[in-house]
Amino acid sequence: MKHSDFHIGLDFYSSGGFPYRCTDVGQRTITAICLDRTSGQWYAGPPYPVEEKLFDELKINDCYLTETDAIKEAIAETDRGVMPAYPSEAMSRFMKARRTPDYSDYPNKPLLRLNKVSGGDILHPYGVTKRGEFWSVLCYLPFDEEYLELDEYSFLSLPLAMEDDYRARKVCRG
């Protein structure tokens, strides 16, 4: 979905398939409440007796008006085939990294949802580690099936990976 698709009262689905209702539309974000309660009294507001969630540009792009739209987009994404599948070994490593004390203590978790690009390589952050008083970001390179560690500020300074970067990397590897 696009930011312009939203209005107060709109029901939609998040990327995880959860139903939400838009409660506010800002300049670049929207807020919404999850429709996961049995009684409609939970949705009376504002103010609401349930937590409002903030959806930024990335989260908005992953929203859908219907479950059918979500399924169609998932199929289209697979057909575009710009991102390789993650092997089970990598997924296991990601899950272990997110159960560490360092990950729990990391104050900048939103950074870890942003894939970056460096020298044509796509870097998928999956965890962190603390080195003294500084943080390092653990990255997976999905096209090479390799791992690397970058200091937090070096990772932060890299440009966001866009669909064209994935395509270029796929062609380069091809």
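**Note on a predicted model: cysteines, sheets and aromatic pairs**

1. The structure holds zero disulfides, and this should be read with the fact that the model is a predicted one. A disulfide is a covalent bond between the sulfur atoms of two cysteines. For Cys63, the closest cysteine sulfur is that of Cys22, and at 9.7 Å the separation is too far for a bond, given that a disulfide is counted when the two sulfur atoms lie within 2.5 Å. Cys63 is buried, with a relative accessible area of 1%, and Cys139 is likewise buried, with a relative accessible area of 0%.

2. One open sheet is built from four strands in the order S1-S2-S3-S4, and the pairing in this sheet is antiparallel. Its edges are taken by strand S1, residues 11-13, and strand S4, residues 52-55; each has a single partner strand, so one side of each is left without a neighbour in the sheet. From one strand to the next the twist averages 45 degrees. Within this sheet, strand S2 (residues 19-25) and strand S3 (residues 30-34) run antiparallel and are joined by five bridges, and it is Cys34 in S3 that serves as the bridge partner of Tyr20.

3. Another open sheet of four strands has the order S5-S6-S7-S8, again with antiparallel pairing. Here S5 and strand S8 (146-151) stand at the edges, and because each has a single partner strand, one side of each is left without a neighbour in the sheet. Neighbouring strands of this sheet are turned against each other by 45 degrees on average, with direction ignored.

4. Two hairpins can be followed along this S5-S6-S7-S8 sheet. S5 and S6 pair in the antiparallel sense over three bridges, with Ser118 standing opposite Asp121 in S6; the two strands form a hairpin with two residues between them, and Gly119 in the turn has a positive phi of about 55 degrees. S6 and S7 also pair in the antiparallel sense, over seven bridges, with Arg131 opposite Phe134 in S7; they too form a hairpin with two residues between them, where Gly132 in the turn has a positive phi of about 65 degrees.

5. The pairing continues from S7 to S8, which run antiparallel and are joined by six bridges; Asp151 in S8 is the bridge partner of Ser136. Helix H3 packs on the sheet and touches strand S6 (121-131), S7 and S8, its direction making about 35 degrees with that of S6. S6 itself is mostly covered, since eight of its eleven residues are buried.

6. The structure holds eleven aromatic pairs. In one of them, Phe94 and Tyr140 are arranged edge-to-face, with 5.5 Å from centre to centre and 70 degrees between the planes. Phe94 belongs to helix H3 (residues 88-97) and Tyr140 to strand S7 (residues 134-141), so this pair ties together parts that are 46 residues apart in sequence. Both Phe94 and Tyr140 are buried. These two residues also belong to one aromatic cluster, which is formed by Tyr86, Phe94, Tyr126, Tyr140 and Tyr147.

7. What arrangement do the rings of Tyr106 and Trp135 adopt? Their centres are 5.0 Å apart and their planes are at 70 degrees, so the pair is edge-to-face, a class that requires an angle over 60 degrees between the planes. This pair links distant parts of the chain, 29 residues apart, with Tyr106 in the loop between helix H4 (101-105) and strand S5 (116-118), and Trp135 in strand S7. Tyr106 is buried, as is Trp135.

8. Two charged side chains should be considered together with the rings. The charged end of Arg37 sits over the ring of Trp42, at 4.4 Å from its centre, and the charged end of Lys109 sits over the ring of Tyr103, at 5.2 Å from the centre of that ring.

Methods. Residues numbered from 1 in each chain as written. Predicted model: local features only at pLDDT ≥ 70, side-chain atom pairs only at ≥ 80, totals over all residues. Heavy atoms only, no water. Phe/Tyr/Trp six-rings, centres within 6.5 Å; stacked < 30°, edge-to-face > 60°. Buried < 20%, exposed > 50% of the residue type's maximum accessible area, 1.4 Å probe, protein only. Lys NZ or Arg CZ within 6 Å of the ring centre and 35° of its normal. Pairing = 2+ DSSP bridges. Axes fitted to C-alpha atoms, helices over the stretch in contact; angles between N-to-C directions. Contact = heavy atoms within 4.5 Å.
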